[in-house]
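Here is a friendly walk through one protein model, from its overall build to a handful of individual residues. Have the structure open beside the text as you read.

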Amino acid sequence: MSKAMRIRKDDHVVVTAGKDRGKTGKVLRTEPGRHRVFIEGLNMVKRHQRPRSLKDTQRGGEAGGIIEKEGPIDISNVLLLDPADNKPTRIGVRIGDDGKRIRVAKRTGKDID
């Protein structure tokens, strides 16, 4: 069983390693089983794609060709941006009064959610 990911969809993060190091973006989706995140506009990869449903390409079907899309980045290579001062921070978890998990910025000690 894997540990719960502390980065979620729609979080603003900064990349700490790799070709996009230092760049920031919004998390589009996460893959907890593989410990990966997809960040808007970062780690762009080219994929060869066949057209989907030839009749529907004019009406919203996907066109074929070489497309660029976001590739996965390992969760260990991103840090959450602290909403208080927009600087990178680690994330802690505490249990609230109602028994729910609350994410906490280690840098400022303030709640993220």
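Let us begin with the contacts. Among contacts in the protein with a separation of 6 or more, 43% join residues that are 24 or more positions apart. Please keep in mind that this is a predicted model.

**Overall build**

The secondary structure consists of 10 strands and zero helices, so a reader following the sequence meets the pattern β-β-β-β-β-β-β-β-β-β. The radius of gyration is 18 Å, whereas a compact globule of 113 residues would have a value near 13 Å. Along the principal axes, the C-alpha atoms fill a box of roughly 55 × 35 × 30 Å.

**Surface and charge**

How much of the protein is buried? Buried residues account for 28% of the 113 residues. The accessible surface comes to about 8,000 Å², and carbon and sulfur atoms contribute 47% of this area. As for charge, there are 27 positive and 16 negative side chains. The centres of these two sets lie 5 Å apart.

**The nonpolar core**

Which residues have the most contacts inside the largest nonpolar core? This core has 15 residues, and the ones with the most contacts inside it are Ile7, Val13, Val37, Ile39 and Val78. At least two core residues come from each of strand 1 (12–15), strand 3 (36–39) and strand 7 (78–81).

Ile39 is a good place to zoom in. Leaving aside residues up to four places away in sequence, Ile39 touches Val13, Val15, Gly25, Lys26, Val27, Leu28, Glu70, Ile73 and Val78. Two of these partners, Val13 and Val78, are also listed among the core residues with the most contacts.

**Two residues of strand 10**

Strand 10 covers residues 101–105, and Arg101 is found in it. Ala105 has its place in strand 10 as well. Are these residues buried or partly exposed? Arg101 counts as partly exposed because its relative accessibility is 43%, while Ala105 counts as buried because its value is 1%. The cut-off behind this is simple: buried means under 20% relative accessible area, exposed means over 50%, and partly exposed lies in between.

Their contacts, again not counting residues up to four places away in sequence, are worth tracing on screen. Arg101 touches Ala4, Arg8, Val93, Arg94 and Ile95. Ala105 touches Asp82, Thr89, Arg90, Lys110 and Ile112. Ala105 can also be placed relative to Pro88: the two are 17 residues apart in sequence, and their C-alpha atoms are 9.3 Å apart in space.

**Two loop residues with positive phi**

His35 and Asn43 deserve a look at their backbone angles. His35 is not a glycine, yet its phi is positive, at about 60 degrees. Asn43, also a residue other than glycine, has a positive phi near 55 degrees. The table sets out their places and accessibility.

| Residue | Phi | Loop | Relative accessible area |
|---|---|---|---|
| His35 | about 60 degrees | between strand 2 (24–31) and strand 3 | 31%, partly exposed |
| Asn43 | near 55 degrees | between strand 3 and strand 4 (44–49) | 17%, buried |

Why is Asn43 classed as buried? Asn43 has a relative accessible area of 17%, and buried means under 20%. His35, with 31%, is partly exposed.

How values were computed. Residues numbered from 1 in each chain as written. Predicted model: local features only at pLDDT ≥ 70, side-chain atom pairs only at ≥ 80, totals over all residues. Heavy atoms only, no water. Helix = DSSP H or I, 4+ residues; strand = E, 2+ residues; numbered from the N terminus. Rg over C-alpha atoms; globule rule 2.2 N^0.38 Å. Buried < 20%, exposed > 50% of the residue type's maximum accessible area, 1.4 Å probe, protein only. Contact = heavy atoms within 4.5 Å. Areas by Shrake-Rupley, 256 points an atom, 1.4 Å probe, with all protein chains shown as cover. Lys, Arg positive; Asp, Glu negative; His and termini not counted. Charge placed at Lys NZ, Arg CZ, Asp CG, Glu CD. Core = buried A, V, L, I, M, F, W, Y, C linked by side-chain atoms within 4.5 Å.
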